Amino acid sequence: MSIQTVQTTPIAGQKPGTSGLRKKTAVFMEPGYLENYTQAIFDGIGGVEGKTLVVGGDGRYFNDVAIGTILRMAAANGAAKCIVGQGGLLSTPAASHLIRKREADGGLILSASHNPGGPKADFGLKYNGPNGGPATEGVTEKIFARTQEIDAYRILDGGEVDLGALGDSALGDMQIEIVDPVADYAELMGELFDFDAIARLFKGGFRMCFDAMHAVTGPYAHEILENRLGAPAGTVMNGVPSPDFGGGHPDPNPVWAKALMDIMYADDAPDFGAASDGDGDRNMIVGAHCYVSPSDSLALLADKADLAPGYAGGLAGVARSMPTSAAADRVAEAKGMASFETPTGWKFFGNLLDAGKVTLCGEESAGTGSNHVREKDGLWAVLLWLNILAKTGKSVSELMADHWVSYGRNYYSRHDYEAVDSDAANDLIANLRGRLGDLAGQTVGDLTVSGADEFSYDDPVDGSTSSGQGIRIYFEGGGRVVFRLSGTGTDGATLRVYLEQLETDAAALGKDPQEALAGIIAAADALAEIKVRTGRDGPDVIT
């Protein structure tokens, strides 16, 4: 084997988003595309000579081939060691934990998260820093800058790594360690949660259904839920990772996890249902005939986390992304905890977690996590719910009903308009931006606008500012609508419309969210002219 220096030229469009670079799989498979971006990552972080990297992904199509390329490039660039999940598998939270536990210099995670996989679907690659969290904006800017000027990449001209064989090997001068992707993560979960109490719950006849959606959490859920906690065999469905996620869309929401929803709303529904996404960092929680929105889940966990051993001392604070409902803020205020509102993207929570300002974080897009790693963590959220259910002896619906009586209910929904023409989507946001100063006082149906702005975030730890993070319109009486273009798609633009209405009347806490939000939904369409500007009669996905 010898090191090759391959001459190349910049490839347009390699700008990482909130979670790295995501494109169609076929794009990543084009000659030099993966190599250019990988070299730009290495150069953007100051080189990898003598460094240790964690490498793994969610098992989607092209995952194993791409890992082989990355390992040959890491060796050619002088890396000392790469720690790789067996079979090329590592859930995103498990990779974050491994980076932190092994004090690695960072990691490369191959995933497009909740996006579909396969030769005609999506692929992604992101760099996580030494703290285990997504690269900061400063680092991603350096990586992007390098993609625009790159003229060569380095790679070994041979050398194959058997990703299925546990243990140590060498690739050129670089050490390769293939590790069990589940073991370290499962051990950490056992330290955070009362496994004995949860095991007693299952032993007492508690029934659960976990949908791994043919994705990476399958092996983790089988080991933890069934092997360690004693849940009956069959508790985990769709538990074998598939390169195309069984032909499905591994996004844990009521639309794409319909099979689980049908089970949980059947006459003989289990006590508890949950799902996770492609790379294991998102979650959906549902009880018997009781769907829990991600915003409500975050609030409930903030209220009850101290029932788990890992959080028995209480929380330093809670943080949420700006589009997430204010339900967690109400818990924080009542408990005297700090609360923070950040832009979308888990990297913004990293500084708060590292500084000890918060313990718990969450996003409306089905991501929750804590200071145990620097990523959102789907299975962790499921285990915290199980710990709370075991300690309280209450059902999911009883917990949520009690919560709303105590704190009020923030009715909440997200309407997604997918693959919208990019120009039309950008024009819609630009039009709203230009009218922000004139909206206060306007009446739309029965609602009156109380204020409007474009969210900008001043990081309290490093002093950085992130602007242009979403249009917010507030209504008298506790209503809000947020408009934002997503940075996680690969085709066109996704317009996300976030709708919220606070209700504190105890007699009005049991409505269907779409009914409770009808006025907000109508106002959002009228103010943004969604139908007119996008040509859509309604959203593609409602969560």
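Let's start at asparagine 283, which sits in strand β13, residues 283–287. A word of caution: this is a predicted model. Is asparagine 283 buried or exposed? Its relative accessibility is 5%, so it counts as buried, since the cut-off for buried is under 20%.

What does it touch? Leave out residues up to four places away in sequence, and asparagine 283 touches Pro252, Ala275, Ala366, Thr368, Gly378 and Ala381. Look at threonine 368 in that list. The side chains of asparagine 283 and threonine 368 make a polar contact, at 2.9 Å.

Next, a sheet. It is open, it has four strands, and the order is β16-β15-β17-β18. The pairing is mixed. Which strands are at the edges? They are β16, residues 338–342, and β18, residues 367–370. Each of them pairs on one side only. From one strand to the next, the twist averages 15°.

Zoom in on β17, residues 360–363. Strand β17 runs antiparallel to β18, and four bridges join the two. Take leucine 360 as an example: its bridge partner in β18 is serine 370. Now put a helix on top. Helix α10, residues 294–304, lies across β15, β17 and β18. Its direction is at about 170° to β17.

On to the second sheet. This one is open too, with seven strands and mixed pairing. Read the order as β2-β6-β5-β3-β4-β9-β8. Why is one side of β2 and of β8 left without a neighbour in the sheet? Strands β2, residues 21–24, and β8, residues 167–171, stand at the edges with a single partner strand each, so one side of each is left without a neighbour. Neighbouring strands here are turned by 20° against each other on average, ignoring direction.

Inside this sheet, find β3, residues 52–57, and β4, residues 81–89. They pair in the parallel sense, over five bridges. One pair to click on: valine 55 has valine 84 as its bridge partner in β4. Helix α2 packs on the sheet and touches β2, β3, β5 and β6. The direction of α2 makes about 15° with that of β6.

Stay with α2, residues 33–44, because tyrosine 37 is in it and is buried, at a relative accessible area of 2%. What is around it? Neighbours within four places aside, tyrosine 37 is in contact with Gln14, Pro16, Gly20, Leu21, Leu125, Ile143 and Thr147. For a sense of scale, compare lysine 357: it is 320 residues from tyrosine 37 in sequence, and 34 Å away in space, C-alpha to C-alpha.

Two more helices. First α6, residues 183–192. Its buried residues include Tyr185, Leu188, Met189 and Leu192. What covers them? The cover includes helices α4, α7, α8 and α13.

Last, α15, residues 422–439. It has 18 residues and reaches 25 Å from first C-alpha to last, close to the 26 Å expected. There is a kink of about 30°, centred on arginine 433. The buried residues are Ala424, Ala425, Leu428, Ile429, Leu432, Leu436 and Leu439.

Now check both ends of α15. At the N-terminal end, aspartate 421 is the cap. One of its side-chain oxygens lies 3.2 Å from the backbone nitrogen of aspartate 423. Just after the helix comes glycine 441, with a positive phi of about 95°.

How values were computed. Residues numbered from 1 in each chain as written. Predicted model: local features only at pLDDT ≥ 70, side-chain atom pairs only at ≥ 80, totals over all residues. Heavy atoms only, no water. Buried < 20%, exposed > 50% of the residue type's maximum accessible area, 1.4 Å probe, protein only. Polar contact = N/O pair within 3.5 Å; in protein donor to acceptor, adjacent residues only side chain to side chain. Contact = heavy atoms within 4.5 Å. Pairing = 2+ DSSP bridges. Axes fitted to C-alpha atoms, helices over the stretch in contact; angles between N-to-C directions. Expected span 1.5 Å × (residues − 1). Bend = angle between axes of the 7 residues up to and from the residue.
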